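This briefing accompanies the structure shown below. Please read it with the sequence and the model at hand.

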Amino acid sequence: MLEQELMALAAACGAALVDAVGTDTWTGLRQAAASWFAQGDARRERVELEGLNQIAGDLQTAEATEVEQVQIRLKRECQARIEILLEHLDDTERTRAVAQLRSLLVQHALSTVALPSRPPLQVDPQILTFIADSRTTSSRPEAG
């Protein structure tokens, strides 16, 4: 089972993915997420892109009265997929994957927040916590 911090990161990333659908951020985040899920496997990356396109399709075809429920379901599904991938990695791979996931979140999911010309994302407070954590972690000298 994953640590609570990793579960929260997975939840924040799952939410960011779903919240990005239909925004200017979606294309870049979708590509980065597919690459992250694929972990270097080009064929798998294409499959992941199709899956992420399905998320967008589910949201776009949802009835107006169902959108919120569809979003909740999709966020949970994305979170679960991230958690499963992280659970199946060894400690070294997991550390690398978590760093990549945090970077992905900072680079793509929050890129529209500071740009007034784009529609802002609804930023989950957990995302901001991970940004602060990743900046603190990356600025610390490594123990040698």
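The points below cover the nonpolar core, one helix pair and three individual residues.

The model is a predicted one. Its largest nonpolar core holds 36 residues, and helices H1, H2, H3, H4 and H5 each supply at least two of them.

**Nonpolar core**

- Within the largest nonpolar core of 36 residues, those with the most contacts are Leu-17, Trp-26, Trp-36, Leu-52, Ile-55, Ile-82 and Leu-86.
- The helices that each supply at least two residues of this core are H1 (4-20), H2 (26-38), H3 (42-61), H4 (67-87) and H5 (91-109).
- H1 provides the largest share of the core, namely nine residues.
- In soluble globular proteins, nonpolar side chains tend to be buried together.
- When its neighbours within four places in sequence are left aside, Trp-26 is in contact with Leu-17, Ala-20, Val-21, Leu-52 and Ala-56.

**Packing of H1 against H2**

- The axes of H1 and H2 lie 9 Å apart, and the two helices pack at an angle of about 140°.
- Angles that are not under 35 degrees, over 145 or from 65 to 115 count as oblique, and H1 and H2 are therefore oblique to each other.
- The crossing in which H1 passes H2 is left-handed.
- H1 contributes Ala-16, Leu-17 and Ala-20 to the contact, while H2 contributes Trp-26, Leu-29, Ala-33 and Phe-37.
- By class, the residues of this contact are seven nonpolar, no polar and no charged.

**Gln-39 and Gln-100**

- Gln-39 is situated in the loop between H2 and H3.
- The phi of Gln-39 is near 50°, a positive value in a residue other than glycine.
- Most residues other than glycine have a negative phi.
- Gln-39 counts as partly exposed because its relative accessibility is 26%, and the partly exposed class lies between under 20% for buried and over 50% for exposed.
- Gln-100 belongs to helix H5 and is likewise partly exposed, its relative accessible area being 33%.
- Apart from its neighbours within four places in sequence, Gln-100 is in contact with Trp-36 and Gln-39.
- Gln-100 and Trp-36 are 64 residues apart along the chain, and their C-alpha atoms are separated by 7.5 Å.

**Arg-94**

- Arg-94 is located in helix H5.
- With a relative accessible area of 18%, Arg-94 is buried, since buried means under 20%.
- Leaving aside neighbours within four places in sequence, the residues in contact with Arg-94 are Leu-2, Leu-6, Leu-86, Glu-87 and Leu-89.
- One of these, Leu-86, is also among the residues with the most contacts inside the largest nonpolar core.

Terms used
Residues numbered from 1 in each chain as written. Predicted model: local features only at pLDDT ≥ 70, side-chain atom pairs only at ≥ 80, totals over all residues. Heavy atoms only, no water. Core = buried A, V, L, I, M, F, W, Y, C linked by side-chain atoms within 4.5 Å. Buried < 20%, exposed > 50% of the residue type's maximum accessible area, 1.4 Å probe, protein only. Helix = DSSP H or I, 4+ residues; strand = E, 2+ residues; numbered from the N terminus. Contact = heavy atoms within 4.5 Å. Axes fitted to C-alpha atoms, helices over the stretch in contact; angles between N-to-C directions. Left-handed = near helix turned anticlockwise from the far one by under 90°. Nonpolar A, V, L, I, M, F, W, Y, C, P; charged D, E, K, R; others polar.
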